[in-house]
Amino acid sequence: MFQIEATRYWWIRDDGRDDPTDQCLHGHVRAVIGDEVLEDDCTVSSTCLLLLRTLTEDHIELNINGNQMLPNHGFYMYACDSTLQSVQLDGDPYGTDWVVRHDGNIIELETMTGTIERVPFQAYQDQVLKFVDRVEAYYRASLPKETPKEEYIRDGFTAFWNEWHRRRENENRRSSL
């Protein structure tokens with residue numbers, strides 16, 4: 001079994017107010033992998049992109065540069081190139097992580113404590129997309145985000161959302177086949 005949900009969202013100040021200058025949404029996330037429950041406060045916006053990536057790619061490098069599945073800080077976003085279609089996320093080495101491997105139509109999840117759970121791709125995809133769509137709905141209901149003044153920050157933020165939407169749309173196309 002795999003389940004993932006956020007039980008609360010906030011912007012970095014966590015003062016109950018919306019912050020149009022904060023591009024990174026945080027939250028308390030609870031993931032269930034087999035019989036193991038993983039919970040952490042993390043940058044849920046980064047979690048979404050990392051989860052979307054696992055729909056087509058393995059995630060096997062544990063706790064590297066803020067690319068944990070539940071990164072405590074995944075707020076440094078760098079555009080990978082001038083097309084602004086992909087982003088590199090960097091943060092700190094803290095967070096909660098697990099391995100994601102593809103084996104045909106099965107997703108194998110392995111936690112840091114050694115729990116291994118195999119789930120059908122469709123069930124995994126359903127959980128990921130439900131989580132991603134809820135986070136995006138929170139963004140849409142929030143104040144519009146201010147465009148960063150610094151070009152590299154603006155490009156990173158643009159690349160982040162371009163990659164997010166490209167990967168999400170690819171899943172829509174895959175599901176309709």
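In this predicted model, helix 1 and helix 2 have axes that come within 10 Å and cross at roughly 145°. The crossing of this pair is left-handed. On the helix 1 side, the residues involved are Val-44, Ser-45, Thr-47, Cys-48, Leu-51 and Leu-52, and they meet Tyr-124, Val-128, Leu-129, Phe-131, Val-132, Val-135 and Tyr-139 of helix 2. Sorted by class, that contact comes out as eleven nonpolar and two polar residues, with no charged ones.

Helix 1 itself is well tucked away: ten of its ten residues are buried, so the rest of the structure largely encloses it. The buried set runs through Val-44, Ser-45, Ser-46, Thr-47, Cys-48, Leu-49, Leu-50, Leu-51, Leu-52 and Arg-53, which puts a charged side chain, Arg-53, on the buried list along with the leucines.

Helix 2 also packs against helix 3. Here residues 121-141 and residues 151-176 supply the two helices, whose axes come within 12 Å and cross at roughly 135°. That angle makes helix 2 oblique to helix 3, and the crossing is again a left-handed one. From helix 2, the contact takes in Phe-121, Gln-125, Leu-129, Val-132, Asp-133, Val-135, Glu-136 and Tyr-139; opposite them in helix 3 sit Trp-161, Trp-164, His-165, Arg-168, Glu-171, Arg-174 and Ser-175. The make-up of this contact is seven nonpolar, three polar and five charged residues. Charged residues thus turn up here, five of them, whereas the contact of helix 1 with helix 2 has none. Leu-129, Val-132, Val-135 and Tyr-139 of helix 2 appear in both contacts, meeting residues of helix 1 as well as residues of helix 3.

Aromatic rings are another theme, with ten aromatic pairs in the structure. In one of them, Trp-11 and Tyr-138 have ring centres 6.1 Å apart and planes at 45°, so the pair counts as tilted. Trp-11 belongs to the loop between strand 1 (2-10) and strand 2 (26-33), while Tyr-138 belongs to helix 2, so this pair ties together parts that are 127 residues apart in sequence. The two partners differ in burial: Trp-11 is buried at a relative accessible area of 4%, but Tyr-138 is partly exposed at 28%.

Another pair, Trp-161 with Trp-164, has its ring centres 4.5 Å apart and its planes at 35°, which makes it tilted too. This pair is local, as the two residues are three apart in helix 3, or about one helical turn. Both Trp-161 and Trp-164 are buried, and both take part in the contact with helix 2. Ring pairs link these tryptophans with Tyr-9, Trp-11, Tyr-138, Tyr-139, Phe-157 and Phe-160 into a cluster. Tyr-139 of that cluster is also among the helix 2 residues that meet helix 1.

Thr-56 sits past the end of helix 1, in the loop between helix 1 (44-53) and strand 4 (70-71). With 47% relative accessibility, Thr-56 counts as partly exposed. Leaving aside residues up to four places away in sequence, Thr-56 touches His-102, Arg-167, Glu-171 and Arg-174. Glu-171 and Arg-174 also belong to the helix 3 side of the contact with helix 2. As for distances, Thr-56 and Asn-172 lie 116 residues apart in sequence, and their C-alpha atoms are 13 Å apart in space.

Methods: Residues numbered from 1 in each chain as written. Predicted model: local features only at pLDDT ≥ 70, side-chain atom pairs only at ≥ 80, totals over all residues. Heavy atoms only, no water. Helix = DSSP H or I, 4+ residues; strand = E, 2+ residues; numbered from the N terminus. Buried < 20%, exposed > 50% of the residue type's maximum accessible area, 1.4 Å probe, protein only. Contact = heavy atoms within 4.5 Å. Axes fitted to C-alpha atoms, helices over the stretch in contact; angles between N-to-C directions. Parallel < 35°, antiparallel > 145°, perpendicular 65-115°, else oblique. Left-handed = near helix turned anticlockwise from the far one by under 90°. Phe/Tyr/Trp six-rings, centres within 6.5 Å; stacked < 30°, edge-to-face > 60°.
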